[in-house]
Amino acid sequence: MHLSDGDLRAYLDNQPGSLTIEQARVHLDACDRCRSRLELVSGRAEEISHHLTNLSPTRQAPPVGAAFAQLQVRITEKEKTDMWKKMFNPRYRFAWVALGLLVVLGMALTIPSVSAIANSFLGLFRVQQVTFVAVNPGDLPERLGSSSQFEALLSQSLQVEESGDTQAVATSAEAGQLAGFAVRLPAELDSQPELFVQPAASATFNVDLNRIQAILAEVGRTDIQLPAEIDGAAVRLDLPAGVSALYGSCKADLEAAQQHGYDPDANVMLSRSDCTTLVQMPSPSISAPPGLDVAALGQAYLQVLGMSPEEAASFAENVDWTTTLVVPVPRYGTTYQEVIVDGVTGALIQQAGDFEYMLFWVKDGMVYALNGPGNAQMALEIGNSLK
Amino acid sequence: MALTADQARPKTADHAEPWLEAAFRQHWSRVYALLFRLVGDNDEAEDLALETFWRLYRRSPVVDENKLGGWLYRVATNLGFNALRSRRRRKQYEARAGASALEQGKPLDPAQALEQNQERQRVHTALERMKPRSARLLVLRYSNLTYAEIAEAMGVAPGSVGTLLARAETEFERHYRQLEGG
């Protein structure tokens, strides 16, 4: 039995191979053939070392302090440009089959008075956490909805691509295979859910600054200033495939509502008698050209939502827009709180007087949105039972 | 509890976590040197090294501290080889390589510079012609990584590094000799 080239190579580097260094040495002392082979392996290694030495750096690495400062600059720039979401036409979102897309603005959609704005305005992205901003949007949603310029902006500047159709599947394993991640379902809900896999989708928004400013003028908000550099910028949102689990009477609720004239494109919340939905998907991502003044855009966004310029500036500067979903909720009539769910901090929103919740959290790169009838305790029990 | 503007907690690069700076200080020089070996250009190596640490920042805190070195060198070699493959400016690179030689202050005459440049080209080309896994291993080894670090970066058992390295060297030798002969 002789030493392999691998063992000999490891021996040359004073490292154990399949044998310890000592075992290899003892063998070499007694084996002419292996000693001869060792010379060959050693010669080859020396030659290659000589060749690769030619690739050695021609100067010292940049000083670590200065390099780390550069890294910090890079982090800041990339974090900023990684976050911008684009405008979404509400039509794409309220369709039942596109439920997966709702997760992006899911919580806001539970609040009719802000849903129009929330659906159609710049947000955050790479969702790792969520925070709230209390707003008083007044009649802005209605005014935006009636703006012809706003319609034109959506139709001309926004391209949405979906890769396939929503598929109904029989099992969570099948859903997971299609969506590309392990699907978790709440053990607390013992009925069999209807499962749907929403395809991945992407949307690109080409910023037309003149048109946006015209819209702001049309709705009487010439006080809102947008950074000039956003003009012409292409902002892309990538939504991974998601899985929706529907428990209870979801389909029946929708069909009943449609029989009574419910418009799925309208920003009106569907009344649910016994429908609980859980949507899960990997965190969406946003890419945009570097150099955008994200804080300025965020400030404009917050002003649109009803903040004063001073409030908006203060808030925008203190939010990590890269990772935080900033959810607008009405200043009045809504309660929202941070809760511990599924082992992480989540957000619970309830409307005053309504027996319904929206629970939202992000864990291990997955975004979860749970919506259904009940109180906070019921929401948490379901959320904590995901398996 | 509702968050107010004052309560919002930003996470910015200005507050870069101490772990990131510690990892950077520990591995920066070696990551840079490894990337230079791959791309042969100071500026590009520096850029790719920063990109490597940016990816570490984005991935945190997923990377186990004990596996940090292996993770960094794996990402760096991937970035380096990707850069090599996508390089469309080979002539520009050649010019830079010559400039790099001059940067050292070595009194190379044009013939020496040309010869050194051609040698680097051959080595890079031989690496590119190898199986990617073998080429990665070779670069890692000749960047003075330990077998344990190589094993971590390559996702193999430390005891198998010698065998893989011997194969990689044989493969490199074959490609290099073909280039010399050609």
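At roughly what angle do the axes of helix H3 and helix H7 of chain B cross?

## Two helices that cross in chain B

In this predicted model, the axes of helix H3 (residues 68-86) and helix H7 (residues 147-154), both of chain B, come within 7 Å of each other and cross at roughly 60°. That angle makes H3(B) oblique to H7(B), because an angle counts as roughly parallel under 35 degrees, roughly perpendicular from 65 to 115, roughly antiparallel over 145, and oblique in the remaining ranges. The crossing in which H3(B) passes H7(B) is right-handed.

The residues that meet here can be found one helix at a time: H3(B) contributes B:Gly70, B:Tyr73 and B:Arg74, while H7(B) contributes B:Glu149, B:Glu152 and B:Ala153. Sorted by character, the residues of this contact divide into three charged, two nonpolar and one polar.

## Chain B as a whole

The two helices belong to a chain whose secondary structure comes to eight helices and zero strands, and a reading along the sequence of chain B gives the pattern α-α-α-α-α-α-α-α. Of the 182 residues in chain B, 52% are buried, and the accessible surface of the chain comes to about 8,800 Å², with 50% of that area belonging to carbon and sulfur atoms.

Contacts in chain B can also be sorted by separation along the sequence: among those between residues at least 6 apart, 65% join residues that are at least 24 apart.

## Helix H1 of chain A and its surroundings

Turning to chain A, helix H1 (residues 5-12) holds the buried residues A:Gly6, A:Asp7, A:Leu8, A:Arg9 and A:Ala10. The buried residues of H1(A) pack against elements of both chains, namely helix H2 (21-30) and helix H3 (32-53) of chain A, together with helix H6 (132-141), H7 and helix H8 (161-181) of chain B. H7 of chain B, which takes part in the crossing with H3(B), is therefore also one of the helices against which these buried residues of H1(A) pack. Just after H1(A), the residue A:Asn14 takes a positive phi of about 60°.

## A buried residue in a loop of chain A

Elsewhere in chain A, A:Asp342 has its place in the loop between strand S11 (334-341) and strand S12 (344-351). Its relative accessibility is 7%, so A:Asp342 counts as buried, the cut-off for that word being under 20%.

When neighbours within four places in sequence are left aside, A:Asp342 is in contact with A:Arg184, A:Trp361, A:Lys363, A:Tyr368, A:Gly383, A:Asn384 and A:Leu386.

Note on methods. Residues are numbered from 1 along each chain as its sequence is written. Chains are lettered from A and ligands numbered from 1 in the order in which they are written. This is a predicted model: local features need pLDDT of at least 70, side-chain atom pairs count only at pLDDT 80 or more; totals for chains, interfaces and linings use all residues. Side-chain values use heavy atoms; hydrogens and water are left out. Axes are lines fitted to C-alpha atoms, for helices over the stretch in contact, and angles run from 0 to 180 degrees between N-to-C directions. Helices (H or I, at least four residues) and strands (E, at least two) are DSSP runs, numbered from the N terminus. A crossing is left-handed if the near helix is turned anticlockwise from the far one by less than a right angle, and right-handed if clockwise. Contact means heavy atoms within 4.5 Å. Ala, Val, Leu, Ile, Met, Phe, Trp, Tyr, Cys and Pro count as nonpolar, Asp, Glu, Lys and Arg as charged, and the others, Gly among them, as polar. Buried means under 20% relative accessible area, exposed over 50%, partly exposed in between (1.4 Å probe, protein chains only). Accessible areas come from the Shrake-Rupley method with a 1.4 Å probe; for residues, only the protein chains shown count as cover.
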